[in-house]
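The exercises below ask for a careful reading of a single protein chain, and each task is followed by a solution worked in steps. Please inspect the sequence and the coordinates before turning to the solutions.

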Amino acid sequence: MGTRSRIGLALGPDQIVSVYCHYDGYIQHNGRKLVEHYNTKSAVEELINGGDMSSLHSTHMWESAPLKQIIHHADGRQTTDYMRDADDNWVYSPVKAEPSPMYYSERGEDAPPKVSTFDEFLSDDCGEEWCYLFTPGTGWQCWKLGWGDTNTQEYDFITEEPLKDGISPVGTF
């Protein structure tokens with residue numbers, strides 16, 4: 001199961017272009033990756049131009065699979081086990097040299113960015129739990145969605161705590 005998110009770029013007053021991201025949408029992962037790696041308008045445009053994605057920041061590819069090893073025991077039995085790294089995570093192959101998004105278009109799907117209003121952006125129409133919006137001149141803002149409820153709450157990237165004012169309007173252009 002994924003932690004779904006929506007990642008957007010403010011184009012103007014009440015106009016946002018955004019994409020869906022299926023995995024790792026929580027602020028501690030996608031939020032930090034957006035701030036660290038996508039902190040200019042051009043970087044966000046490039047990210048969003050790829051369309052909807054499975055993962056924002058991954059070395060996996062669509063054809064990646066966990067590596068298996070066959071263990072030959074002294075009694076003649078053979079067992080299969082997954083190879084693991086020093087942190088006990090499965091080792092995958094093939095992998096990308098540098099982390100990048102895993103776009104659905106890379107496996108042949110048509111999942112282009114969508115243009116919406118600010119309210120539509122926060123509507124969690126794909127079950128998004130987090131929304132991230134980059135506004136030129138302002139930077140990133142983040143909202144935790146209430147799974148269709150009206151308790152949408154804006155969060156602070158540094159403290160990861162809710163902001164007192166709730167929903168903030170999109171900045172001026």
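**Exercise 1. The nonpolar cores**

Which residues in the largest nonpolar core touch the most other members?

Solution. It should be kept in mind throughout that the model is a predicted one. The largest nonpolar core holds 21 residues, and those touching the most other members are Ile7, Leu34, Tyr38, Leu47, Leu56, Tyr132 and Trp140. The next step is to ask where the members come from: two or more residues each are given by the strands E1 (5-12), E2 (15-21), E3 (53-66), E8 (130-135) and E9 (139-144), and likewise by helix H1 (27-37) and by H2. Helix H2 supplies the largest share of this core, namely 4 residues. Separate from this set there is a second core of 9 residues, which includes Ala10, Phe121, Cys131 and Leu145.

**Exercise 2. The surroundings of strand E1**

Determine how strand E1 is paired with E2 and with E8, and why it is largely enclosed.

Solution. Begin with E2, which pairs with E1 in the antiparallel sense over 7 bridges. These two strands form a hairpin with 2 residues between them, and in the turn Asp14 has a positive phi of about 60°. Turn next to E8, which runs parallel to E1 and is joined to it by 5 bridges. Leu9 serves as a reference point for both pairings, since Leu9 stands opposite Val17 in E2, while its bridge partner in E8 is Phe134. Finally, consider accessibility: 7 of the 8 residues of E1 are buried, and E1 is therefore largely enclosed by the rest of the structure.

**Exercise 3. Aromatic pairs and a charge over a ring**

Classify the pair formed by Trp62 and Tyr104, then do the same for Phe118 and Trp143.

Solution. The count of aromatic pairs comes to 4. For Trp62 and Tyr104 the ring centres are 6.1 Å apart and the planes stand at 35°, so this pair is tilted. Because Trp62 lies in strand E3 and Tyr104 in the loop between strand E6 (92-103) and strand E7 (114-116), the pair ties together parts that are 42 residues apart in sequence. Trp62 is partly exposed at a relative accessible area of 27%, whereas Tyr104 is buried at 11%. Phe118 and Trp143, in turn, form an edge-to-face pair, with 5.5 Å from centre to centre and 75° between the planes. This pair links distant parts of the chain, as Phe118 belongs to helix H3 (residues 118-121) and Trp143 to strand E9, 25 residues apart. Both Phe118 and Trp143 are buried. One further step returns to Trp62, over whose ring the charged end of Arg107 sits, 4.1 Å from the ring centre.

**Exercise 4. Salt bridges**

How many salt bridges are counted, and which residue forms one with Arg107?

Solution. The count comes to 5 salt bridges. Arg107, already met above the ring of Trp62, forms a salt bridge with Glu109, the closest N and O atoms being 2.6 Å apart. Arg107 is partly exposed at 44%, and Glu109 is partly exposed at 36%. Another of the salt bridges joins Lys41 to Glu45, with 3.9 Å between the closest N and O atoms, a value that is still within the 4 Å cut-off. Both of these residues lie in helix H2 (residues 41-49), 4 residues apart, which is about one turn of the helix.

Terms used:
Residues numbered from 1 in each chain as written. Predicted model: local features only at pLDDT ≥ 70, side-chain atom pairs only at ≥ 80, totals over all residues. Heavy atoms only, no water. Salt bridge = Lys/Arg side-chain N within 4 Å of Asp/Glu carboxyl O. Buried < 20%, exposed > 50% of the residue type's maximum accessible area, 1.4 Å probe, protein only. Core = buried A, V, L, I, M, F, W, Y, C linked by side-chain atoms within 4.5 Å. Pairing = 2+ DSSP bridges. Phe/Tyr/Trp six-rings, centres within 6.5 Å; stacked < 30°, edge-to-face > 60°. Lys NZ or Arg CZ within 6 Å of the ring centre and 35° of its normal.
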